[in-house]
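Please open the structure in a viewer and keep the sequence panel visible. The tour below proposes one selection after another and describes what is found at each stop.

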Amino acid sequence: MRYTAGVLYCRRKMESVRWAFRYGAWSPGRTEWLLATSCVQAEEKARIGQFVFTRDAKAAMAGRLLIRKLIADKLQIPWNEVLLQRTSKGKPFLVNDISRTYPSFNFNISHHGEYAVLAAEVEFQVGVDIMKTELPGSGSIQEFFRIMMRQFTEKEWKSIKCAGSECSQLDMFYRYWALKESFIKAIGVGIGFNLQRIEFNASPLQLEIGKMYKETSMLLDGDKEEGWTFEESLLDDCHHVAVALGKPHGFRQEHSEVSSYQLDPTEFTVFTFDDLVASAVPLAPEDPTDWDNFNSKQEPPVRQRTNST
């Protein structure tokens, strides 16, 4: 595929996007929640309203606001003209036609623990996953590992078990899990994919908070995948994020400088609620019953957390 100079220039203007929002620390009042619900599509508002726990409702709302902000700010489509739908597997996608300017643009979101994260690329397959290190709901860490044994290769389990204390082993477990999920999400497959087909060589073994790494490599069916890059970062001492970046679509060799530019690791920007809605435009009038619905939700059971050691 050939690109005109104008389109290529447009793509080079848009950099990789890595955004995060800490919904776990967000305690919306009536004004904020009603603003948020008025700025998402009706079907998404209804879907958010069905969650039992406040945490899940906030996580879903954060994800929708991140996506709409991405499209409004980066693709220059007015907030109230953005149209999102879901695939049969529940993955959100943009209905608006951007094929002339960004034919391969794609994004992915994830949430776990206290954060929602978003990654977007102009020319690369992208998948993102965030995992919070936390103790199993019941049973010991070793019993949890036994149940999850089939999800990792023998080499990956060796790396997990050599991490040190049980808490450090759990950290490494969730790091590998985020890596695998990021790849699965990037290629668009779900339940049924044999996770032992992919094997990661996590590097470096220790990550520092706030730094972005891309040294980790992957084997697929025993062969090293040169066309994939994996970015890793820690948002704090217990939230690990992995971003999978696949082979570029359609670029010729003469555009290799653009590919290298896109693959430069990008640190996550953590937004406040005001940041999320800075460009927001209400899609419908505020409905007071949305606040009543939110207030009727339950707080999830408190789970014990672990700190990285």
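In which loop does Asp221 lie? Select Asp221 in this predicted model: the residue lies in the loop between strand 9 and strand 10. Its phi is near 55°, a positive value in a residue other than glycine. Most residues other than glycine have a negative phi, and most peptide bonds are trans. With a relative accessible area of 47%, Asp221 is partly exposed, because partly exposed residues fall between the 20% and 50% limits.

**The sheet around this loop**

Now select strands 7, 9 and 10. They form an open sheet of 3 strands in the order 7-9-10, with antiparallel pairing. Strand 7 (198-201) and strand 10 (223-224) are the edge strands, and each pairs on one side only. Strands of a sheet pair through backbone hydrogen bonds, either parallel or antiparallel. Strand 7 and strand 9 (residues 217-220) run antiparallel and are joined by 4 bridges. To see one of these pairs, select Ile198 and its bridge partner in strand 9, Leu220.

Add helix 7 (residues 166-187) to the selection. Helix 7 packs on the sheet and touches strand 7 and strand 9. The direction of helix 7 makes about 130° with that of strand 7.

Continue along the chain to Pro204, in the loop between strand 7 and strand 8 (212-213). A cis peptide bond joins Ser203 and Pro204, with omega about -5°.

**Strand 5 and its partners**

Next, select strand 5. Is strand 5 enclosed or open? Since 7 of the 7 residues of strand 5 are buried, the strand is largely enclosed by the rest of the structure. In a regular strand the side chains alternate between the two faces of the sheet. Both faces of strand 5 are covered: Tyr115, Val117, Ala119 and Glu121 are buried on one side, and Ala116, Leu118 and Ala120 are buried on the other.

Strand 5 pairs with strand 1 in the antiparallel sense through 5 bridges; here, Phe21 has Ala116 as its bridge partner. Strand 4 (residues 106-112) also pairs with strand 5 in the antiparallel sense, over 7 bridges, and His111 stands opposite Ala116. Strand 4 and strand 5 form a hairpin with 2 residues between them. In the turn, Gly113 has a positive phi of about 65°.

Gly113 also leads to the next stop, Arg55 in helix 4. Leaving out residues up to four places away in sequence, Arg55 touches Tyr23, Gly113 and Pro300. Arg55 counts as partly exposed, because its relative accessibility is 33%. Measure from the C-alpha of Arg55 to that of Trp26: the two are 29 residues apart in sequence and 9.5 Å apart in space.

**The nonpolar cores**

Which residues touch the most other members of the largest nonpolar core? Select Leu65, Leu75 and Phe105, which hold this place among its 44 residues. The elements that give two or more residues to this core are strand 1 (17-21), helix 2 (30-38), helix 4 (54-74), strand 5 (115-121), helix 9 (273-276) and helix 10 (288-295). Helix 4 gives the most, with 11 residues. In soluble globular proteins, nonpolar side chains tend to be buried together.

Focus on Leu75. Apart from its neighbours within four places in sequence, Leu75 is in contact with Met14, Leu70, Leu94, Ile98, Tyr102 and Phe105. Another core, of 30 residues, lies apart from the largest one, and includes Phe173, Ile198, Ala202 and Trp228.

Then select Gln76, in the loop between helix 4 and strand 2 (84-86). Gln76 is exposed, because its relative accessible area is 61%. Its phi is near 60°, a positive value in a residue other than glycine.

**The whole chain**

Finally, show the full chain and colour it by pLDDT. The chain has 10 helices and 13 strands, and 50% of its 309 residues count as buried. The average pLDDT is 88, and 87% of the residues score at least 70. Over residues 249-262, pLDDT stays under 50. The pLDDT is also below 50 over residues 304-309.

Notes
Residues numbered from 1 in each chain as written. Predicted model: local features only at pLDDT ≥ 70, side-chain atom pairs only at ≥ 80, totals over all residues. Heavy atoms only, no water. Core = buried A, V, L, I, M, F, W, Y, C linked by side-chain atoms within 4.5 Å. Buried < 20%, exposed > 50% of the residue type's maximum accessible area, 1.4 Å probe, protein only. Contact = heavy atoms within 4.5 Å. Pairing = 2+ DSSP bridges. Axes fitted to C-alpha atoms, helices over the stretch in contact; angles between N-to-C directions. pLDDT = per-residue confidence, 0-100.
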